[in-house]
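Dear colleague,

Please find below the structure that I am handing over to you, followed by a summary of what was found in it.

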Amino acid sequence: MKTLEPAMNIEEQIDNLKKIGLIINDVEYAKSFLNDVSYFRLIKAYSLGLKPKNSDYYKGITFEEIVQLYLFNANFRQLLFAQIEKIEVNLRCRISNYFSIKYGVLGYKDADNFVNGIYYNDFVEDMEKEINRNSKAPFVKNFKTNYENGDIPFYALVELFSFGTLSKFYKNMKNADKKAIASSFGIGYTYLESWIENIAFVRNICAHYGRVYNVNLSKTPILYKQYIADGISNLRIFATLLCMNHILDNDNHWKDFVDQIELIFEKYPFVKPELMGFPNNWKDLLID
């Protein structure tokens, strides 16, 4: 087993980076940046591919180039999060409307309206925790205080769902119900189920300031055959964008989002789009 290395102050971090071959053109800038963004968050994550493991940097790599990758990732993540929010709100609405009308506003209390009883019990437990955690929220207090049995109708309860809970709820719905919701997007339900699980996973990366650049996703979407035939990998973030494009098919601002991606690629020239799964014709695919 390895022994943990002692913590380094900023000057020691700079010296260590120089020692392993990183070019630092402006030491004061590097010190300032490392005082705002931790060595572990910046160097460990964004040096992938820039040096062999446990070895020196490839010749010519600069500190400023690593910062470029970090800043690109932050910019891209912020753009992406805004589009994911649209999907989350949209899906929340469609599931709520459909389920409440078909099964009633308290239909979520009946396990027979779902496929898997174990998953349903987990859902009930999660919802009890969320209701308790949000007990001071005005709408929760209103239903608890002023309505029979203190029950919260599904159209209100769904607002307490995380995207992950929403994804699990959809996954445990009956196939006929999943088909009805998926058809409103013009998508097969097996695809939509896979896509929202992947998007929920990416959403959590974005929410926790994680890395979407040069990373394999552990929750991957099922892609249409034409994308697979074109050699597009479902391991990288571009696959998520393809799925989002289909869900947001009628969104007037999607092209603006794609244009903004192009602009930040231009702003940070050290970024390699192919490390995110982007093919050469990526813009055509996303606007198609």
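**Pockets**

The second largest pocket has a volume of about 400 Å³. A pocket here is an open set of points on a 1 Å grid over the protein atoms alone, where a 1.4 Å probe fits, with protein on both sides within 12 Å along at least five of seven lines, and lining residues have an atom within 4 Å of a point. Grid points are joined across faces, edges and corners, and a volume is the space filled by probe spheres set on the points.

This is a predicted model, in which local features need pLDDT of at least 70 and side-chain atom pairs count only at pLDDT 80 or more, while totals for chains, interfaces and linings use all residues. Residues are numbered from 1 along each chain as its sequence is written, and side-chain values use heavy atoms, with hydrogens and water left out.

The second largest pocket is lined by 18 residues, and Gly 164, Thr 165, Ser 167, Lys 168 and Phe 169 are the closest to its centre. Two or more lining residues come from each of α5 (117–133), α8 (163–171) and α10 (189–207); α8 gives the most, with six residues. Helices are DSSP runs (H or I, at least four residues), numbered from the N terminus. By class, this lining has seven nonpolar, five polar and six charged residues. In this scheme Ala, Val, Leu, Ile, Met, Phe, Trp, Tyr, Cys and Pro are nonpolar, Asp, Glu, Lys and Arg are charged, and the others, Gly among them, are polar.

The largest pocket has a volume of about 820 Å³. Its lining comprises 22 residues, with Glu 5, Tyr 39, Lys 44, Lys 51 and Asn 54 nearest its centre. Eleven of the lining residues are nonpolar, six polar and five charged. Helix α3 (residues 39–46) contributes the most to this lining, with four residues.

**Helix α3**

In α3, the buried residues (under 20% relative accessible area, 1.4 Å probe, protein chains only) are Tyr 39, Leu 42, Ile 43 and Tyr 46. They lie on the same side of α3 because they cover an arc of only 120 degrees around the axis, the arc being that of the directions from the helix axis to the C-beta atoms. Phe 40 and Lys 44, on the other side of α3, are exposed (over 50%). The buried residues of α3 pack against α1, α2 (27–36) and α4 (63–103), where contact means heavy atoms within 4.5 Å.

**Thr 240 and Asn 198**

Thr 240 is part of helix α12 (residues 237–247), and Asn 198 belongs to helix α10. Thr 240 counts as buried because its relative accessibility is 0%; Asn 198, at 1%, also counts as buried. Their side chains make a polar contact at 2.8 Å. Such a contact is a pair of N or O atoms within 3.5 Å; within protein, one must be able to donate a hydrogen and the other to accept it, and residues adjacent in sequence count only if both atoms are side-chain atoms.

Not counting residues up to four places away in sequence, Thr 240 touches Asn 198, Ile 199, Val 202 and Leu 217. On the same basis, Asn 198 touches Leu 217, Lys 219, Thr 220, Pro 221 and Thr 240.

**Asn 9**

Asn 9 is located in the segment before α1 (10–19). With 39% relative accessibility, Asn 9 counts as partly exposed (between the buried and exposed limits). The side chain of Asn 9 reaches the backbone nitrogen of Glu 12 at 2.8 Å.

With kind regards
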